[in-house]
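Colleague: Could I have a close look at the aromatic rings in this model, please? Once that is done, I would be glad to hear about the parts around them too.

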Amino acid sequence: MSAIEAATLPMLLTELRLPTIKRLWQALAEQSNREGWTAERFLGALCEHELNERETRRIERHKVESCLPPDKRLSDFDFAAVPTVSKAHVTALCEGDSWIEQGANILLFGPPGVGKTHLIAAIGHGLIERGYRVLFVRTSDLVQRLQAARRDLRLPAELAKLDRFDLLVCDDFSYVRRDQAETSVLFELIAERYERRSIALTANQPFSGWDHVFAEPAMTLAAVDRLVHHSTIFEMNVESFRRRSAQAGLAPPAQKQKPTSKTKG
Ligand code: ADP
Ligand code: MG
């Protein structure tokens with residue numbers, strides 16, 4: 001290759017959006033010359049590096065956009081503390097596949113501090129590693145966002161944006177208290193995603209206590225019906241993990257220390 005051609009390569013590779021090849025081509029070209037690779041092998045090696053890094057960059061982007069709490073991982077979840085939740089089942093959910101392709105849902109119920117948010121965040125991280133897209137939101141924030149969109153007549157566009165996510169995690173669903181208009185945006189979201197895109201939600205109150213979430217009982221019924229139809233339900237009615245940790249003489253949760261292995265099992 002002439003000096004001029006070599007000098008224009010970085011520009012061409014930038015233009016073509018091939019940052020990995022741009023970074024590696026010189027080193028690989030030297031190796032290829034030294035070891036007498038065929039042109040096919042050289043080109044193949046460059047493409048493979050670009051593709052692998054592209055996948056890594058994609059997953060990194062998905063992690064950032066997900067807004068998942070970063071430190072809530074499956075490896076830190078103590079399954080012994082929640083006998084109703086099986087590790088094998090959760091691990092299978094982290095794989096995604098059929099349930100997520102069907103747009104099935106995950107519903108987690110239990111009092112505060114039992115690990116609902118931790119568990120669903122861990123599943124979210126697992127799914128992202130598998131290439132899925134996840135968005136974690138506090139339900140009250142989501143309602144405000146949808147409500148604002150509706151006021152500006154762009155609710156369909158906002159719902160379409162959420163459609164890009166294979167799983168939408170609505171944390172603290174039953175904390176939401178709202179008027180009729182707000183209630184219906186949440187219902188529209190549920191109806192829109194039904195059997196197409198998955199929803200996960202955490203709630204301190206069982207369905208029977210959701211009357212304040214949807215102002216009209218008929219709407220509550222219709223929403224619950226759609227959420228439950230294809231779903232996995234985790235009932236986590238155990239003692240608060242926070243309280244147990246505090247009683248075991250660990251640092252208060254405000255300091256965000258992880259429980260030590262002493263408390264496990
Ligand atoms: P919830 O969402 O049910 O109110 P969180 O998921 O916020 O509860 O859990 C409260 C705290 O206790 C968090 O710091 C979480 O990481 C921790 N925690 C709860 N359950 C477990 C568990 N089974 N194993 C490890 N940590 C847990
Ligand atoms: Mg929570």
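Modeller: Happy to help; I will begin with the aromatic rings and then move on to other parts of the chain.

A word on conventions comes before the rings. Residues are numbered from 1 along each chain as its sequence is written, while chains are lettered from A and ligands numbered from 1 in the order in which they are written. This is a predicted model, where local features need pLDDT of at least 70, side-chain atom pairs count only at pLDDT 80 or more, and totals for chains, interfaces and linings use all residues; side-chain values use heavy atoms, with hydrogens and water left out.

Now to your rings. A pair of aromatic rings is described by the distance of the centres and the angle of the planes. Rings of Phe, Tyr and Trp (its six-membered ring) pair if their centres lie within 6.5 Å; planes under 30 degrees apart are called stacked, those over 60 edge-to-face, and the rest tilted. By that rule the structure has six aromatic pairs. One of them joins Phe109 and Phe207 edge-to-face, at 5.0 Å centre to centre and with 75° between the planes. Helices (H or I, at least four residues) and strands (E, at least two) are DSSP runs numbered from the N terminus. Phe109 belongs to strand 1 (residues 105-109) and Phe207 to the loop between strand 4 (198-203) and helix 10 (217-229), so this pair ties together parts that are 98 residues apart in sequence. For burial, the terms are buried under 20% relative accessible area, exposed over 50%, and partly exposed in between (1.4 Å probe, protein chains only). Phe109 is buried at 4%, whereas Phe207 is partly exposed at 25%.

Another pair is formed by Phe173 and Phe214, and this one is tilted: 6.2 Å centre to centre, with 45° between the planes. It too links distant parts of the chain, with Phe173 in the loop between strand 3 (167-171) and helix 9 (180-193) and Phe214 in the loop between strand 4 and helix 10, 41 residues apart. Phe173 is buried, with 1% relative accessibility, and Phe214 is buried as well, with 0%. These four rings come together with Trp210: Phe109, Phe173, Phe207, Trp210 and Phe214 form one aromatic cluster.

Some rings have a charge over them. That needs NZ of Lys or CZ of Arg within 6 Å of the ring centre and within 35 degrees of the ring normal. Arg133 sits over the face of Phe165, 5.3 Å from the ring centre. Likewise, Arg226 sits over the face of Tyr194 at 5.9 Å from the ring centre.

Strand 4, which you met above, also holds Ser198. Ser198 is buried at 0% relative accessibility. Its side chain reaches the backbone oxygen of Ala104 at 2.6 Å. That is a polar contact, meaning a pair of N or O atoms within 3.5 Å; within protein, one must be able to donate a hydrogen and the other to accept it, and residues adjacent in sequence count only if both atoms are side-chain atoms.

The helices are worth a look as well. In helix 8 (residues 155-163), the residues Leu155, Glu158, Leu159, Leu162 and Asp163 are buried. They cover an arc of only 155° around the axis, so they lie on the same side of helix 8; the arc is that of the directions from the helix axis to the C-beta atoms. Leu189, in helix 9, is buried at 2% relative accessibility. The C-alpha atoms of Leu189 and Leu159 are separated by 6.9 Å, although the two residues are 30 apart along the chain.

Next, the ligand. A residue is near a molecule or strand if one of its heavy atoms lies within 4 Å of it. Ligand 1 is surrounded by 15 residues, the closest being Asp78, Gly113, Lys116, Thr117 and His118. An N or O atom in the side chain of Lys116 is 2.8 Å from an oxygen atom of ligand 1. Backbone N or O atoms also approach oxygen atoms of ligand 1, at 3.2 Å for Val114 and 3.1 Å for Gly115.

Finally, a backbone detail. Glu195 has a positive phi of about 65° although it is not a glycine. Glu195 lies in the loop between helix 9 and strand 4 and is partly exposed at 40% relative accessible area.
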